[in-house]
Amino acid sequence: MILQKTRLCFPSLTICLHGCQGSNLHTTPVAFSRNKPSGEWQKHAQNAKKKVNDWFKARSTSGPFTQQTFRPPEPEGTPPPSQGGGNGMPEAFLKLLPTTARFNSYFDRAFARLPSGMELVRKAPQNLHPYLLLSRHDKPIGTWLLFLPSAWGICMAAETFHLPNIPLLILFGTGAVLMRGAGCCINDMYDIDIDKRVIRTRDRPLASGLLSKDQALRWTAVQLGLSSLILFSLNTPTIVIGICSLWLVVTYPLMKRLVDYPQFYLGLTFNTGTLMGYCAATGTLAFTPFALYSAGICWTMIYDTIYAHQDKEDDKKIGVKSTALTYGDRTIEVCNNFTSAMGISLLLAGVASGMGPTFFLSTFLSCSMIMKGLSLVNLDDPKSCWEFFIMNRNIGLVILMAIILGKFI
């Protein structure tokens, strides 16, 4: 009875799940039938279970972001290559900045009490594992980076001495989960041949053969369909912005083949939520959301450039473009400049909205955290680059709290 109701309410999801019957991915039909599985299906189930377990083992998560793991010890007298060290930044100034580990530890301890994305995926029904992995639900950092700019816009739109619109934050949070998942599916369908040739991505569900393109396409349709329900519950100007942003989502995966700055295009895509969040809360746009949009683009240029350094050697061989390759040894200097531009954009947004001093102090804190992190990152160590990347969740949360508190203090 429950399954029949599920089929009536979510026919596309039922089709998506049943669509895996013809592949080596389907686990067991017990979830869909009371009949016992045949020997052939049991063999398929065992093979699929082994592949998923192997996938989990290959996708081990990184530890907390600390200075010890951020810059590994090198042989005496040999400085680590391409590390931050403050290129373009005086050492005396860097010493004045708050230590990255100190402020990140507060957030890390709080999030350590929550189940990780990998743990949530493991607890889901096994026949959903490949779909959840395709949507990167095992690594929710991308969802945070998509949601936080939207939250900035919603909170900045709140009246002075008023809390932000909580139901709207929940809607945008849910939308971020769905749209990030859909974006990952679209990206992997474009890049399946590239992912097979890159060490970091060759275990993804499409590249490894856990899912077919048809299954990925159906799963993408499910996520986009649910996202559209959220979008069409908002006001008309926000709906228009959301529909226009779909063009950015669909075409972003092509940019790494066409231009040297695909991270800028990602910034345009990921931070559209600042405009949508502000417009959803107020029904209009003003200077403030565009200043936040500019800050978000600069922020994306920083964290995704460092992220791209993980794959720079493979990208050179394959011919994929990125700002990591474009900036090369100038990466830290350029990212410091983007950090300054991000800070200026946030200050302009704060002045335009009449924010209190707490906002401006916290803006300095968030920018100093980035600069301190840039001074520590080792661009030739993929683990170091990944840890800098996930640190940006904490930076985005600092800015979010700055906006909320800035409405009161």
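**Exercise 1. State what share of the 409 residues in the chain is buried, and describe the fold in terms of helices and strands.**

Solution. Buried residues, meaning those under 20% relative accessible area (exposed is over 50%, partly exposed in between; 1.4 Å probe, protein chains only), make up 52% of the 409 residues in the chain. The structure is a predicted model, in which local features need pLDDT of at least 70 and side-chain atom pairs count only at pLDDT 80 or more, whereas totals for chains, interfaces and linings use all residues. Residues are numbered from 1 along each chain as its sequence is written, and side-chain values use heavy atoms, with hydrogens and water left out. Turning to the fold, the chain has 22 helices and zero strands, where helices (H or I, at least four residues) and strands (E, at least two) are DSSP runs numbered from the N terminus.

**Exercise 2. Identify the residues that touch the most other members of the largest nonpolar core, and the helix that gives this core its largest share.**

Solution. A nonpolar core is a set of buried Ala, Val, Leu, Ile, Met, Phe, Trp, Tyr and Cys residues joined through side-chain atoms within 4.5 Å. The largest such core has 65 residues, of which Trp299, Ile306 and Met342 touch the most other members. The largest share of this core, 12 residues, comes from H22. A second, separate core of 10 residues includes Tyr131, Leu134, Trp219 and Val222. As for methionine 342, once its neighbours within four places in sequence are left aside, its contacts (heavy atoms within 4.5 Å) are with Ala295, Cys298, Trp299, Ile302, Ile370 and Ile399.

**Exercise 3. Classify the ring pair of tyrosine 303 and phenylalanine 389, and place both residues in the chain.**

Solution. Rings of Phe, Tyr and Trp (its six-membered ring) pair if their centres lie within 6.5 Å, and planes under 30 degrees apart count as stacked, over 60 as edge-to-face and the rest as tilted. A search of the whole structure finds 10 aromatic pairs. For tyrosine 303 and phenylalanine 389, the ring centres are 5.7 Å apart and the planes stand at 65°, so the pair is edge-to-face. Because tyrosine 303 lies in helix H17 (residues 287-308) and phenylalanine 389 in helix H22, the pair ties together parts that are 86 residues apart in sequence. Both tyrosine 303 and phenylalanine 389 are buried, and they belong to one aromatic cluster together with Trp152, Trp299, Tyr307 and Trp386.

**Exercise 4. Determine where phenylalanine 408 lies and whether it counts as buried, partly exposed or exposed.**

Solution. Phenylalanine 408 lies in the segment after helix H22 (382-406). Its relative accessibility is 35%, so phenylalanine 408 counts as partly exposed.
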